[in-house]
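Trainee: Could you take me through one part of this model closely, beginning with a single helix and what packs against it? I would like a connected account that I can follow with the structure open in front of me.

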Amino acid sequence: MNILAPFIPAIPLAGAAVLLLTGPRWRDRSAGWLASAAVAVAFGLAVTVFGTLVSRPVTLRLSHVSLFEWIGVGSFRVDIAFRVDPLSTVMALTVTGVGAMIHLYAVDYMRGDPRYARFFAYMNLFVFFMLVLVLADNYLLLYVGWEGVGLCSYLLIGFWFERKTAADAAKKAFVTTRIGDSALLIGLIFMWSRFGSLDFDRVLPHAHALANGTATVMAMLLFAGAVGKSAQLPLHVWLPDAMEGPTPVSALIHAATMVTAGVYLVVRSHQIFEASGVALTIVAVVGLVTAIYAGLSAIGQDDIKRMLAYSTISQLGFMFFGAGMGAYSAAIFLLVAHAFFKAVLFLGAGSVMHALPDEETDMTRMGGLRRAMPLTAVTWVVGWLAMAGIPPLSGFFAKDQVVAAASQAGRIGLWYAALFGALLTALYETRGTFLTFFGEPRHRGHPHDPPSLMRTALVSLAVGAALAGVLGLSATSGLLPKFLTPVVGPTKEAVAGPSELVLSIISVAVALVGILTAWLVYLSGRIDWMALRVRFASAKRTFQRGFYVNDFYSGAIVGPAKLAAAFVAYVVDRRVVDGTLTGIGRLVSSSAGAARRAQTGLVRTYAVGILLGATAVLGYLVVRS
Amino acid sequence: MMLAQAAPAPVHHFPWLTVVTFAPLAGAVVAAVLPSSALNLHRLWALLVTLITLGLALATLSAYSSGAAGFQLVDRAVWVKSLNFNYILGVDGISLFMVLLTAFLMPAAILVSWRIERQAKYYLIAFLVLESAMIGSFLALDLLLFFLFFEALLFPMYLIIGGWGSERRVYAAVKFFLFTMAGSAFLLVAILFLYFRAGSQLGHSTFDFTELQRLSLPIATARWLFLAFFVAFAVKVPLFPLHTWLPDAHTEAPTAGSLILAAVLLKIGAYGLIRFNLGLFPEASLHFRSFVSILALIGIVYGAVVALIQTDIKRLVAYSSVSHLGFVVLGTFAFTVQGLSGGVLQMVNHGLSTGALFLLVGMLYERTHTRDLGQMGGLALTMPVLAGVFLFVALSSIGLPGLNGFVGEFLVLLGTFVVTKVYAVIAVTAVVLAAVYMLWAYQRAMHGALSVPDHGLLPDLNLREYAILVPIMAGILFIGVFPKPLLSKIEPAVRQTLVCVSPAQSQMVVTSCPRVTGSPAFDIARRP
């Protein structure tokens, strides 16, 4: 059944190709249906492949399907080859499962858009590239998917390219992530120069033999790619702007595709990170700092989608933190759970925007929407509680295991920081929930729940967000950790700290503190949160602007870079280089007495000169022989 | 192990190379006697000739036996017996694809010029002559013959730019002519030097490339000769700082002129470096490796930086060429199989991608009558297909995996990294910069609201334009996904080329290499 593996990405690719080439011929929603069906079939195939994988003994859960040699020069060889193993199938299931629901949602959401078919072509292409990324059997094919999702994010964030903000955001996403990608590319070349191959099976089992320093450099180059694609500090600035795309795109980018790629890359390559000694700690610290930074920034957001964007950055930080602690299966578990609850939240936000006039995204102009939109509110609440880490929803198990890993590894400082991050998560997410769905209505218009397709998607994803916890009821003996063991190794035994139960209780307590705090401020009526905003305006603005990182980049890097480029182009190139060369030319021609001639005349003279010279030389040769 | 020097080519074979070289010229002769007033006849005839030439080039490809090293299908004739001037054409895996690229793009050049009416007869004849000269340059294995073809390129191109270009065409044409001529002067002197040197050393003066490879030269002489060849080809490539004719020539040339200039003429410079500098002066090539690589690196970054702020879209593409050709030279002077193979493939890739970009820019110009990005904007609204094709080509140009540019760029970076890591790290910055300038250009032209309301009425691609672009796009995708048919032919030729420069990489038996004697009299660059 392995032979099915290449078809998992191939079918969305076919969908994209058909839709791109036949474009506007599709009537009404048929293009959307076709695209959704393509992803659904891919999901079905992924399930089949998963089924055959599970039916095998644990040691045999790995197979490769090589299609043809892609690039081969000298000793460099790399194939178009796919890999079926527990990690790749879990990723493929998540991408296609959540992706299919997002497609389904978009069938109605995008209705009436003049470029409807093209939208779904890009969405299918996105899923295709993400599947290539997770199913690739070597790093170069992974890189194809890696760059491909960057392209699709460009196409989809800038889908409404008439708006300058959308076009800007699209370009920013592509360029910012490409900074990381270029480091990754060098990392792959470095890897090949050490291992003579880019196949996972010829690199990873030998990674432990790398010298510490070499492994650190290689791991950091890979991680730089991950930082870009997964929007971690300092390359996170593209993700909040990516909200310019249609909301299903945001859901797809944040939940199923693209941003999770970095986490996948680190987990896939964990042997290299482990060989380094310090690389994992760096991953953990970057993840944690990002989680806290983005958590604080999320608190300052009034735009519902920007709030969710920062929350994604923050949750991805947690995933990296987990991976950095060596809790790889917990990181992947959080990735899967996050895919569900973030998809619910984004699609919920889309439903809200859809229901309010002028695509309202400002949460200060919402409030009380649970009455008008009960189904959206219920599914959102599931997503909210899952994210905040309330048992028995999926986010609780996943985040608890990530945070607990720090305590169990005996790194108490990091554990406290991670708990603080979890507190922030509960706080901002609850704030968003209360501002949007609870309290007094501050919105205009007459909102209502979305049509049935969108409801179906919301409910399915909410069920997933609620129940995905069963995958990992325990960090050591849960279904997912055991399934992933052949790839990531067994979950590390606790070496320090309190028991799992105590850690869980602490986690829940922290989440509740966050929720209660938000309740006190935003819902209890005891505090006038509007007045609070005015009083702490500068703090609010700092949070809202994401601590001015983006402003710093535009002021300190983009501006000066433009000036420098202008200097090089207009002064160095035109005046210095060209000036010198044409100056030499003039000098030569004036010494030849041709200075006064018109330029055309000059050429003629010159050509005749060359001709005469050549004739003379040839004549000399003839005479000489 | 393969033999370094192929056995003398069989004498009795169909002279494919001669036929493919002179078919366009024969077509030009016929065109010369057709009446000037029959515009469509001239167009159709030129198209037919270029299509036949393409067919002949494809026939050459099928006659070429892949995997073998050395020159094949050699056509040899005595020209001036007393002087030992010979007519020698031969093809290897490097020149094969240069010829194919030329023949593949010429029909597009004719088609895109369909609306040219003024003196169209002479315009089309100039292109046909140009095609013969270009193909001849790639196939000539006799240095005098090469020089003749190389010079013969200049006149039709000069006429095309100067006669059918835009406002500052005369300035640009003259600049193009003088820069190239200045380089050629060095080349001619060096070639003549070799000719006489052969006389005193081999007993008979000769321009035969493979014979000249057996010369042994004093080390300093070899290095001076290397520099003379290098200047001639560096102007053509163009390498920093000799590139300043390029933006002017490109900007002023008519669309087909820019296409051929970028796609083929620049390649003759890079091809010359590979064939003649590496082939004749391996010791000097190694000696100047850092010097040339650093120039290439400067070009890579410099071209990209200057492209960043161009407002004239043709100038922008021209500067991006400086950056891309820097990759070709960088890969070449890595002297690794991957680097040089990547460089050669990148020559093909650049021809397709940048050629297509110039075609698209021309199509935009025909519609909007401007090259100023500030005057465009929102064109994707009225021309979604053109915009889509533009993006596709731009992505290939910035090296998106799955399209052709990535394969070449990656191999160049890989082949460079294994020799000098820091070169590859510097070069990779251009990967980011390329995304910046290309996407910014794309945004200014295509995204946003329509900046000129009249642009709302502009038509999308027509059938003729589809016919021009679809084959190129197919090529871009094909090489990106399945480059093997090219790489498997390029690699043996690359090994052959490296046999004297880098025997370890070449893995071939070294039979005869140009030898150097004595000690260096001067030392511009440290040996790596």
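**Helix α6 of chain A and its surroundings**

Mentor: In this predicted model, a good place to begin is the contact in which T176(A), T177(A), I179(A), G180(A), D181(A), A183(A), L184(A), I186(A), G187(A), F190(A), M191(A) and R194(A) of α6(A) meet T214(A), V217(A), M218(A), L221(A), L222(A), A224(A), G225(A), V227(A), G228(A) and K229(A) of α8(A). Sorted by class, the residues of this contact comprise 12 nonpolar, 7 polar and 3 charged. Helix α6 of chain A covers residues 164–195 and helix α8 of chain A covers residues 212–229, and the two pack at an angle of about 150° with their axes 7 Å apart. Since angles over 145 degrees count as roughly antiparallel, α6(A) and α8(A) are therefore roughly antiparallel to each other. The crossing in which α6(A) passes α8(A) is left-handed.

The helix α6(A) also takes part in a contact with the other chain, where α6(A) and α18(B) pack at an angle of about 160° and their axes lie 10 Å apart. That angle makes α6(A) roughly antiparallel to α18(B), and the crossing of this pair is right-handed. On the α6(A) side the contact is made by A167(A), K171(A), F174(A), V175(A), R178(A), I179(A), S182(A), L185(A), I186(A) and I189(A), and on the α18(B) side by A424(B), V425(B), V428(B), V431(B), V432(B), A435(B), V436(B), L439(B), W440(B) and Q443(B). By class, this contact of α6(A) with α18(B) has 16 nonpolar, 2 polar and 2 charged residues. I179(A) and I186(A) belong to the contact with α8(A) and also to the contact with α18(B). As background for reading such lists, an α-helix has 3.6 residues a turn, so residues three or four places apart point the same way.

The pairing with α18(B) can now be set within the wider contact between the chains, in which 50 residues of chain B are in contact with 48 residues of chain A. On the chain B side, the elements that give two or more residues are α6 (169–202), α12 (289–308), α14 (337–368), α15 (379–382), α17 (404–417), α18 (421–446) and α20 (484–497). The largest share of that side, 10 residues, comes from α18(B). Taken as a whole, the side of chain B that touches chain A has 39 nonpolar, 9 polar and 2 charged residues.

Elsewhere in chain A, helix α22 spans residues 500–522, and its 23 residues reach 33 Å from the first C-alpha to the last, close to the 33 Å expected at 1.5 Å a residue. The buried residues of α22(A) are L503(A), S507(A), V510(A), A511(A), G514(A), I515(A), A518(A) and Y522(A), and what covers them includes α17 (374–388), α18 (394–408), α19 (412–437) and α23 (529–535) of chain A.

Two glycines of chain A also deserve a look. G348(A) sits in helix α15, residues 328–355, and is classed as buried because 34 other C-beta atoms lie within 10 Å. Leaving aside neighbours within four places in sequence, G348(A) is in contact with T376(A), T379(A), W380(A), G383(A) and L458(A). G97(A), in helix α3 (residues 86–109) of chain A, is likewise buried, with 24 other C-beta atoms within 10 Å.

The backbone, finally, has some places to check by eye, and for these it helps to recall that most residues other than glycine have a negative phi, and most peptide bonds are trans. The peptide bond from P391(A) to P392(A) is cis, with omega near 5°, and P392(A) lies in the loop between α17 and α18 of chain A. In chain B, a cis peptide bond joins F240(B) and P241(B), with omega about 0°, and P241(B) lies in the loop between α8 (219–236) and α9 (245–252). F547(A), although not a glycine, has a positive phi of about 60°; F547(A) is in the loop between α24 (537–544) and α25 (549–591) of chain A and is partly exposed, with 15 other C-beta atoms within 10 Å. N84(B) also has a positive phi of about 60° without being a glycine, but N84(B), in the loop between β1 (72–80) and β2 (85–91) of chain B, is buried, with 20 other C-beta atoms within 10 Å.

Methods
Residues are numbered from 1 along each chain as its sequence is written. Chains are lettered from A and ligands numbered from 1 in the order in which they are written. This is a predicted model: local features need pLDDT of at least 70, side-chain atom pairs count only at pLDDT 80 or more; totals for chains, interfaces and linings use all residues. Two residues are in contact if their C-beta atoms, placed from the backbone, lie within 7 Å. Helices (H or I, at least four residues) and strands (E, at least two) are DSSP runs, numbered from the N terminus. Ala, Val, Leu, Ile, Met, Phe, Trp, Tyr, Cys and Pro count as nonpolar, Asp, Glu, Lys and Arg as charged, and the others, Gly among them, as polar. Axes are lines fitted to C-alpha atoms, for helices over the stretch in contact, and angles run from 0 to 180 degrees between N-to-C directions. Angles under 35 degrees count as roughly parallel, over 145 as roughly antiparallel, 65 to 115 as roughly perpendicular and the rest as oblique. A crossing is left-handed if the near helix is turned anticlockwise from the far one by less than a right angle, and right-handed if clockwise. The expected span of a helix is 1.5 Å times one less than its number of residues. A residue is buried if 20 or more other C-beta atoms lie within 10 Å of its own, exposed if 12 or fewer, and partly exposed in between; C-beta atoms are placed from the backbone.
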